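Okay everyone, thanks for coming. Let's put the structure up on the screen and walk through it together.

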There are 2 protein chains.
Amino acid sequence: MSAIRAGGLAGQVSTSPSVLEAHSHGEAMEAACLPAAVVFARKTEDVATVLRACHAHAVPLVAFGAGTSVEGHVTPAEQAISLDLSEMTAIVGMNPEDLDCRVQAGLTRQALNAQIRDTGLFFPVDPGGEATLGGMCATRASGTAAVRYGTMKENVLGLTVVLATGEVIRTGGRVRKSSTGYDLTSLFIGSEGTLGIITEVQLRLHGRPEALSAAVCQFADLNDAVRTAIEIIQCGIPISRVELLDDVQMAASIRYSKLDGYQDLTTLFFEFGGAPASVQEQVAAVEAIALSNNGLAFAWADTAEERTRLWKARHDAFWAAKAIEPTARVISTDCIVPISKLGELIAGVREDIAASGLRVPLLGHVGDGNFHSLIITDDTPAGHARALELDRRIVHRALALGGSCSGEHGVGMGKLEFLETEHGAGTLAVMRALKHAMDPLNILNPGKLLPPGPLYQG
Amino acid sequence: MSAIRAGGLAGQVSTSPSVLEAHSHGEAMEAACLPAAVVFARKTEDVATVLRACHAHAVPLVAFGAGTSVEGHVTPAEQAISLDLSEMTAIVGMNPEDLDCRVQAGLTRQALNAQIRDTGLFFPVDPGGEATLGGMCATRASGTAAVRYGTMKENVLGLTVVLATGEVIRTGGRVRKSSTGYDLTSLFIGSEGTLGIITEVQLRLHGRPEALSAAVCQFADLNDAVRTAIEIIQCGIPISRVELLDDVQMAASIRYSKLDGYQDLTTLFFEFGGAPASVQEQVAAVEAIALSNNGLAFAWADTAEERTRLWKARHDAFWAAKAIEPTARVISTDCIVPISKLGELIAGVREDIAASGLRVPLLGHVGDGNFHSLIITDDTPAGHARALELDRRIVHRALALGGSCSGEHGVGMGKLEFLETEHGAGTLAVMRALKHAMDPLNILNPGKLLPPGPLYQG
């Protein structure tokens with residue numbers, strides 16, 4: 001710590017118990033661990049100062065943004081420094097004519113969108129929490145708009161990264177494409193703070209659609225809803241969002257968000273955006289697909305207020321689930337499969353849920369093949385164990401169908417056990433070789449993303 | 001070679017002079033170099049056999065597909081094995097319901113699209129030559145459709161890769177997104193055969209648009225044409241293609257492709273695709289933008305024949321340029337800049353062209369900020385030197401405007417000298433550390449992509 005204080009950051013270091021506690025965990029159920037100290041960075045050079053000190057003394061370091069991780073990413077290793085980037089919130093470059101901007105890593109996407117509203121542009125990636133853009137890079141986040149706009153991977157042009165030694169590099173740039181060298185930007189996106197600390201992000205922005213429309217359609221049979229989503233994607237309809245809430249989730253959301261007029265049935269929420277005629281065309285095509293799959297009547301939300309009300313209900317689904325049993329814990333799965341396998345997966349998952357005796361609303365980004373089971377369980381070790389056991393069954397079903405254990409939440413500590421089954425031992429050995437090349441002292445977020453094992457040696 | 005023959009590949013090895021010559025170069029002007037032998041792989045295991053032998057004897061290896069590289073990627077190092085993948089042309093998996101397929105690396109995109117035509121799906125990335133999909137991965141290729149569909153980076157879900165040791169790994173998968181581990185797929189895409197040999201590719205497919213339309217608009221002033229393209233992108237119009245041919249290129253194309261009725265003026269070629277009302281809406285919006293920027297009348301191509309004729313003329317632009325002086329050499333630049341800088345760059349480039357005394361048609365993927373100067377020069381060392389000198393000036397202009405020296409052709413040997421200026425020494429040191437971790441013997445396409453220099457050491 002003396003090296004960090006000597007580096008001019010004395011006023012930015014805290015060891016107060018409340019600050020340490022706030023940085024001891026994210027939103028996962030994994031055990032918390034207090035950091036040795038928290039350093040609040042204000043600029044890239046602060047991060048470099050901290051990393052130089054950590055490197056010199058082989059002290060582990062974990063980055064902390066908004067603390068919204070649900071897989072234990074931000075939980076410190078023993079005696080680690082927690083490096084808080086949440087004060088790094090500046091927009092450092094804005095190029096509306098090129099549809100891009102550069103931000104510090106601690107800015108949240110909500111704050112960014114509020115600040116750039118008058119440009120007519122917006123950043124579309126929308127994970128559930130009020131996450132920072134740096135954290136969203138580190139976990140390769142996505143959300144409800146990925147079906148149209150892609151994930152962080154498709155929406156980041158370049159980065160500033162502080163390496164394990166404290167050296168600062170830039171990756172990518174401002175061009176829309178380039179074929180010059182290894183794609184380091186993509187390597188750091190999703191690397192969960194294990195290869196370097198992202199301090200600035202060059203983001204792609206998008207024009208706000210000229211016209212927007214939203215609708216809801218309910219289904220007596222979940223398979224019909226899934227089939228509807230699949231056919232929308234297969235027809236190439238450029239839908240902005242298509243989200244599924246099953247009957248259990250819908251019942252909770254009707255109660256929590258006062259969605260009068262809806263039934264406790266599986267429901268698809270749709271959003272359409274674009275030029276006016278294109279939106280009308282999308283709506284007509286989607287309505288036809290939904291009705292041909294036994295969808296009950298389409299309910300429209302053409303006013304901004306009604307659209308906001310509906311989509312707020314979708315975004316509040318987690319809280320609606322939590323309100324089912326206010327003292328319980330809600331643990332979310334995050335599987336994804338090729339979309340043609342989604343019906344089969346969900347049918348199996350519902351069997352697992354029934355066998356578990358737990359209450360588990362389902363909701364998800366059904367256009368991507370990604371969904372969350374919100375496992376409601378006692379907030380006790382035994383309750384956690386039951387939830388984890390169900391999560392494991394669901395993950396193994398998804399992997400057996402060619403899927404992935406996480407569509408958007410990341411690995412952290414929570415999904416480590418599935419990585420070898422998902423990727424194979426040889427692929428993990430390559431990942432470990434890259435990690436070793438970038439961080440041989442293993443000071444960057446040790447214990448996350450990669451389970452221990454052999455390194456590929458060329 | 002004995003190890004390769006002993007590995008069961010005796011019948012797939014050639015040292016005949018004509019085969020060696022055909023594998024001694026791509027389409028670049030860099031000096032050719034004969035390989036020690038050419039091995040024709042038929043399956044991933046053949047590639048593994050060859051690499052195990054190369055690794056055991058520290059023999060360099062370069063992959064060869066269609067030989068369409070224009071930057072020297074496929075030119076062998078001294079005494080290298082050239083591994084020809086052009087017989088690996090199978091479609092090994094087809095999932096129309098998920099809009100994906102898996103192909104061997106030697107299949108060309110034209111052959112793929114011909115074979116999957118009856119599915120209603122297509123693969124959109126279209127570099128100029130009849131390149132293999134493995135080569136397109138290795139160079140992070142794009143083409144005229146990138147403005148709508150993205151590059152190889154956005155259209156590959158996963159890979160099979162043979163590592164330097166001969167070990168076979170799979171990266172990515174079939175899901176549309178995932179947050180589990182380092183993005184090895186993106187790392188191999190654009191790695192130019194220096195980290196591993198790609199043998200299979202999981203591709204994203206797209207639905208053929210229901211409606212298609214094409215148009216041409218001519219401009220007296222090049223800046224007006226560039227401005228038109230910029231405004232189309234800024235308005236978020238989902239145009240399928242927007243290509244610029246300057247007056248010099250247009251004159252050549254009118255002669256070569258018999259484009260009667262057009263003038264020797266800067267011209268934009270447009271393609272629109274989607275559902276019918278959306279196409280009409282796009283067309284109307286683009287026509288309004290073009291006319292407001294002093295575009296002369298829109299010429300329509302609504303029939304399939306006329307569309308094909310126009311776009312064939314665009315795709316034949318290189319040959320039209322070559323026909324200006326049939327004995328000359330045509331050397332293409334490949335700069336890209338943020339689109340707002342494109343007008344400034346092209347103005348500067350035209351000054352450089354005038355000062356050079358060379359004849360240089362310009363054409364490009366103007367919606368991405370990427371364009372090619374087709375430098376026509378004597379096919380002599382002195383002619384090459386003059387062309388390279390002009391290329392250098394153009395690249396340095398692009399880099400000074402925040403651009404990249406290659407939008408889609410890659411680094412190979414031809415762009416090595418620009419990498420440090422473009423990325424910075426620290427970033428290159430990281431790339432070298434990754435290369436060293438994957439291929440410490442430096443047998444995978446040595447001398448390409450990365451100029452020599454220090455390795456990052458964490």
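**A glutamate with an odd angle**

So, A:Glu192 has 4% relative accessibility, and that makes it buried (buried means under 20% relative accessible area, exposed over 50%, partly exposed in between, with a 1.4 Å probe and protein chains only). Before I go on: this is a predicted model, where local features need pLDDT of at least 70, side-chain atom pairs count only at pLDDT 80 or more, and totals for chains, interfaces and linings use all residues. Side-chain values use heavy atoms, without hydrogens or water, residues are numbered from 1 along each chain as its sequence is written, and chains are lettered from A and ligands numbered from 1 in the order written.

Back to our glutamate. Where is A:Glu192 found? Look in the loop between helix H8 (184-188) and strand S10 (197-204) of chain A; helices (H or I, at least four residues) and strands (E, at least two) are DSSP runs, numbered from the N terminus. Its phi is near 55°, a positive value, and A:Glu192 isn't a glycine. Most residues other than glycine have a negative phi.

Now hop over to chain B. B:Asn442 also isn't a glycine, and its phi is positive too, about 55°. This asparagine sits in the segment after helix H17 (425-438) of chain B. Buried or partly exposed, then? B:Asn442 counts as partly exposed, because its relative accessibility is 37%.

Zooming out, buried residues make up 64% of the 458 in chain A. The C-alpha atoms of chain A fill a box of roughly 65 × 55 × 45 Å along the principal axes.
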